[in-house]
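Here is a protein chain to explore step by step. Take a moment to turn it around before reading on.

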Amino acid sequence: MNNLFYLEKSSEGTKEINLKTKMMDNRVLFLDGEVNKESVMELCQAMLIMSTESPAPITLVINSPGGSISDGLALLETMRCLPCEVITVCFGMAASMGAVLLAAGARGKRYILRHSKTMIHEPLISKGIGGSCSSIASTSQNLIKTKEMINRLLADFCGKPIEEIDAATAYDNYLDTEESVAFGLCDGILENNELYTVLTGKGVTV
């Protein structure tokens, strides 16, 4: 989206408008890929600037396979510290850390498209484990602590007992639209004109 432009005509002539800038003017941001340092820093900076300009809600549209837990938590903490609400929308797939960020949106304002999906699971080690026995043990302990932390967050966001979250995240658990709402990852399904309303930054009530 960064390099997409359209022509806007006015009485003063025609000028190129960056689509990303236009969406930011409408208070709509996109997490459209991996959760990593670059995507998170950009979103955090945009949210902080937008929150100083207006108390109106910010909409975060998520289409992400997940990614870095530490970077995702930095975005989550930024969302929670803002003086304005953050509406979240699952736009295709919100998996792994993407699903946690979806669930972290403002209560009652977390949405999913009719044919979108979510996926939750335990934290993974992206690279092979190597090193001494002590290093491997330390890595395992850190992974367990991370799992417990993420599951506590999901339990809070979804309103579920921790035991249910532990069981639900023990494998790659794919949820369709209705299942995502029932589980508590989101609050409602966006349809037709509701989707248009939220993506144009005009707010939405489902």
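What follows is a walk from the whole chain to its largest pocket, and then to a few single residues.

First, some ground rules. This is a predicted model, in which local features need pLDDT of at least 70 and side-chain atom pairs count only at pLDDT 80 or more, while totals for chains, interfaces and linings use all residues. Residues are numbered from 1 along each chain as its sequence is written, and side-chain values use heavy atoms, with hydrogens and water left out.

Let's start with the overall view. The protein chain has 8 helices and 9 strands; here helices (H or I, at least four residues) and strands (E, at least two) are DSSP runs, numbered from the N terminus. The chain has 206 residues, and 41% of them count as buried. For that label, buried means under 20% relative accessible area, exposed means over 50%, and partly exposed is in between, using a 1.4 Å probe and protein chains only. The accessible surface of the chain adds up to about 11,000 Å², with 53% of it belonging to carbon and sulfur atoms. Such areas come from the Shrake-Rupley method with a 1.4 Å probe, and for residues only the protein chains shown count as cover. As for contacts (heavy atoms within 4.5 Å), take those in the chain with a separation of 6 or more: 67% of them involve residues 24 or more positions apart.

Now for the largest pocket. Rolling a probe the size of a water molecule over the atoms shows where empty space is left. On a 1 Å grid over the protein atoms alone, a pocket is an open set of points where a 1.4 Å probe fits, with protein on both sides within 12 Å along at least five of seven lines, and lining residues have an atom within 4 Å of a point. Points are joined across faces, edges and corners, and the volume is the space filled by probe spheres set on them. By that recipe, the largest pocket holds about 380 Å³ of space. It is lined by 20 residues, and Gly 67, Ile 69, Ser 96, His 121 and Leu 124 are the closest to its centre. Helix 3 (69-81), helix 4 (97-103), strand 7 (117-120) and helix 5 (133-158) are the elements that give two or more residues to this lining. Sorted by class, the lining has 11 nonpolar, 7 polar and 2 charged residues. In this scheme Ala, Val, Leu, Ile, Met, Phe, Trp, Tyr, Cys and Pro are nonpolar, Asp, Glu, Lys and Arg are charged, and the others, Gly among them, are polar.

His 121 is a good place to pause. You'll find His 121 in the loop between strand 7 and helix 5, and it counts as buried because its relative accessibility is 12%. Which side chains make polar contacts with the side chain of His 121? One is that of Ser 96, at 2.9 Å, and another is that of Asp 172, at 2.8 Å. A polar contact is a pair of N or O atoms within 3.5 Å; within protein, one must be able to donate a hydrogen and the other to accept it, and residues adjacent in sequence count only if both atoms are side-chain atoms. Leaving out residues up to four places away in sequence, His 121 touches Ser 96, Thr 169, Tyr 171 and Asp 172.

Ser 96 itself sits in the loop between strand 5 (86-95) and helix 4. Most residues other than glycine have a negative phi. Ser 96, though not a glycine, has a positive phi of about 55°. Arg 27 also has a positive phi, near 65°; look for Arg 27 in the loop between helix 1 (19-25) and strand 3 (28-31). Arg 27 is buried because its relative accessible area is 10%.

Lastly, visit helix 5 again, where Thr 146 is found. Thr 146 counts as buried, since its relative accessibility is 14%. Apart from neighbours within four places in sequence, Thr 146 is in contact with Ile 69 and Pro 123. Thr 146 and Ser 70 are 76 residues apart along the chain, and their C-alpha atoms are separated by 9.6 Å.
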